[in-house]
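Please open the model in a viewer and keep the selection tool at hand. The tour proceeds stop by stop, each with a selection and a description.

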Amino acid sequence: MHPSPDERHPGTGAATDAPAPVRRFGLATATCLVMGNIIGGGIFLLPASVAPYGTVSLVAFGVLTLGALALALVFGKLARRHPDTGGPYVYAREAFGDFAGFLSAWSYWTLTWVSNAALAVAAVGYVHVLLPGHAGRGTDLIVALAALWLPALSNLAGTRYVGAVQLVSTVLKFVPLLFIAVVGVFFFDPDNLGSFTEGTTGTLGGLSAAAAILLYSYVGVESAAMSAGEVRDPGRNVGRATVLGTLGAALVYLLGTVAVFGTVSHDRLVHSKAPFSDAVNAMFGGHWGGTLIAAAAVISIVGALNGWTLMSAQSPYAAAQDGLFPAAFLTKRRGVPTFGVIAAAVLASGLTVINYLLGSGGVFEILVLITTFSATVPYLLAAGAQIYFLLTGERDRVRPGRFARDLALALAAFGFTFWLVAGAGYAAIYQGVLFLFAGILVYAWMAARRKGRGPHPAPAAPAHSGDAPTP
C-alpha cells in the first residue's frame, strides 16, 4: 500500500509533524507557470519551420497535443499521490528507488540550466529588432547575461514575486499572439496554404518530419508538478493547472500557426525569418509588425526564463532532501531554493560566456542537443511510475473502468515520450546518454558520503516569510 498524499515520501528524513509549508501559488499562477514554461521564444519561428512539409504539420500539432494532454493528466494524478516539490523526481524515486530518482533529477537539472542559456541567447536576436544599431559581441553578452540574472533576482525575492512576474508575462505574450490568431481569421486566404504535403515525403513522411520539429513544443508540461510544494491544494490544483496550461499553450500554438499559414503565402513563409511579423504586415500593411512581435518575443522569453529558473532549483532541492544531491541545494528562502537558483544562473552564464567570448558555437550546440534528450528521461520515468503504481497497488481500489482509463492514459504518455526520444535524433541521444552517464559519478560520490556518515539528519524546516499568497 502506498502512502497517502499527506505523507512525505520515505527517506527525506523530515519529521511528520514538521510545519506545513506556506503554499503561495494559486490555480491561476500555477497555470501561468505551465503556460509560460511551455511557450518560450520558439513559437515565433515555428510556422516557418514546419511550412516546408505542408499543412499536414497542423495534423502533427494536433496529434502531439493529444499526447501532451495525456502526459499532463498523468502528472496531475501523480501529484495527487505525492504533492511534493520535485515532481518527476519524487515519482521516479518512490516507484523505482534512489538511482532512478537521481537520474530523473540529474537529467531535469541539466535540461533547465542549459536551456536557460539557449533562451538567453535567443532573446538577444529579438532585442536587436527592438534596438537596432547596437550589435556587438560585448553588448550581446551583456544583454544575454541580463536576461539570465533578472529572472534569477526575481526568484531570489521569493515565490510571491515569481508568481507575479509569471502572471504578467504570460498575459502580455498570450494577448498579442491570440490577437493575431483571432484577427487572422478575417484575413485568411486558403490560396496561401499551399499543398497538404510538400516535396516527395508523402503524408506519413511529412507528418513524421513535422512532428520531429514540433515534439519539444510542449516541454514544460510538468512545471506545476515540479513546484507542487508551493501550490495551494496541490492534489487538486496541480492537475488542473497542468491541463489548463497545456490547453492554453495548444490554443496559442494551433491558432497562431493557422493564422500565419492563411495570411502569408506559402512560398514566402518557407523562407521567412519572422513569420508572425510577416503575418501582421500582411494584415495591416507597413513594417511595424516586426517591432510588435519582437517585443512579444522578449516578454515571452523573459517569462519562460522566470519559470525555468524556479524549475532549475526545485528538482535538486527535492533530491538533496534525500541525500542524492549536495546539501547546499537545501538552502531555501521565501519558498525558493536559493542555492539552486544561483547555481543554475552561474552555470548558464558560463555557457553564455563560452558562446560569445570564445565563439565555440559547436560546443554550445552540443549542449543544447543534450537538453532535447534530457527532457525525456524524467518524463519516461514518471509515466513508468504511474504504470507501476497502477499495476501494483491501484487495481483493487478503483473501479475497473477507471483503472483501464488511467492505465491507458499512462501508456499513451509513455508512448508520447518514447516518440520524443525517437524525434530527438541520433546526435541528441548520443550526446545526452553520455552526459546522463556522467551523472553516475555524482551518484557514486553522494552514495559514498551517505554510507560514510550513516543516516543523514533531518533538514531544518525552511524559513518562510509572511508573503501573502498569490492568487
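The stops below go from the whole chain to a helix, then to charged pairs, aromatic rings and a surface patch.

**Before selecting**

This is a predicted model, in which local features need pLDDT of at least 70 and side-chain atom pairs count only at pLDDT 80 or more, while totals for chains, interfaces and linings use all residues. Residues are numbered from 1 along each chain as its sequence is written, and side-chain values use heavy atoms, with hydrogens and water left out.

**Stop 1: the whole protein**

Display the protein as a cartoon: there are 18 helices and zero strands. Helices (H or I, at least four residues) and strands (E, at least two) are DSSP runs, numbered from the N terminus. Of the 471 residues, 55% count as buried; buried means under 20% relative accessible area, exposed over 50%, and partly exposed in between (1.4 Å probe, protein chains only). The protein exposes about 18,700 Å², of which carbon and sulfur atoms supply 69%. Accessible areas come from the Shrake-Rupley method with a 1.4 Å probe, and for residues only the protein chains shown count as cover. Among contacts between residues at least 6 apart in sequence, 86% join residues at least 24 apart, a contact being heavy atoms within 4.5 Å.

**Stop 2: helix H1**

Select residues 27-38, which form helix H1. Its 12 residues reach 17 Å from the first C-alpha to the last, close to the 16 Å expected at 1.5 Å a residue; the expected span is 1.5 Å times one less than the number of residues. H1 is largely enclosed by the rest of the structure, because 10 of its 12 residues are buried. Among them are Thr 29, Cys 32, Met 35 and Asn 37. To see what covers the buried residues of H1, add H7, helix H9 (223-226), helix H10 (234-263) and helix H13 (289-321), which are included in that cover.

**Stop 3: salt bridges**

A search of the whole structure finds seven salt bridges, each a side-chain nitrogen of Lys or Arg within 4 Å of a carboxyl oxygen of Asp or Glu.

Select Lys 332 and Glu 230, whose side chains meet in a salt bridge at 3.1 Å, N to O. Lys 332 lies in the loop between H13 and helix H14 (338-358) and Glu 230 in the loop between H9 and H10, so the pair ties together parts that are 102 residues apart in sequence. Lys 332 counts as buried at 7% relative accessibility, and Glu 230 counts as buried at 1%.

Next, select Asp 278 and Arg 268, a salt bridge in which the closest N and O atoms are 3.5 Å apart. Because Asp 278 lies in helix H12 (residues 275-284) and Arg 268 in helix H11 (residues 266-269), the pair ties together parts that are 10 residues apart in sequence. Asp 278 is buried at 14% relative accessibility, whereas Arg 268 is partly exposed at 45%.

Then select Asp 406 and Arg 405, whose closest N and O atoms are 3.3 Å apart in a salt bridge. Here Asp 406 is buried at 9% relative accessibility, and Arg 405 is partly exposed at 43%.

Finally, select Arg 93, Asp 98, Asp 322 and Arg 450 together: salt bridges link these residues in a network.

**Stop 4: aromatic rings**

The whole structure holds 21 aromatic pairs. Rings of Phe, Tyr and Trp (its six-membered ring) pair if their centres lie within 6.5 Å; planes under 30 degrees apart count as stacked, over 60 as edge-to-face and the rest as tilted.

Which arrangement do Tyr 108 and Trp 308 adopt? Their pair is tilted, with 6.1 Å centre to centre and 40° between the planes. The pair links distant parts of the chain, with Tyr 108 in helix H5 (residues 98-130) and Trp 308 in helix H13, 200 residues apart. Both Tyr 108 and Trp 308 are buried.

Move to Phe 329 and Phe 339, an edge-to-face pair at 5.0 Å centre to centre and 85° between the planes. Phe 329 sits in the loop between H13 and H14, and Phe 339 in helix H14. Phe 329 is buried, with a relative accessible area of 6%, while Phe 339 is partly exposed, at 35%. Widen the selection to the cluster linked by ring pairs, which includes Phe 329, Phe 339, Trp 106, Trp 113 and Tyr 443.

**Stop 5: a nonpolar surface patch**

Show the surface and select Phe 179, Val 182, Val 185, Phe 186, Phe 187, Phe 284, Trp 288 and Leu 292, which make a nonpolar patch of about 820 Å². Patches are made of residues with over 30% relative accessible area and no salt bridge: like charges are joined within 9 Å, and nonpolar side chains (Val, Leu, Ile, Met, Phe, Trp, Tyr) within 5 Å. Within the patch, centre on Val 185, in the loop between helix H7 (159-183) and helix H8 (202-214). Val 185 is exposed, with a relative accessible area of 59%.
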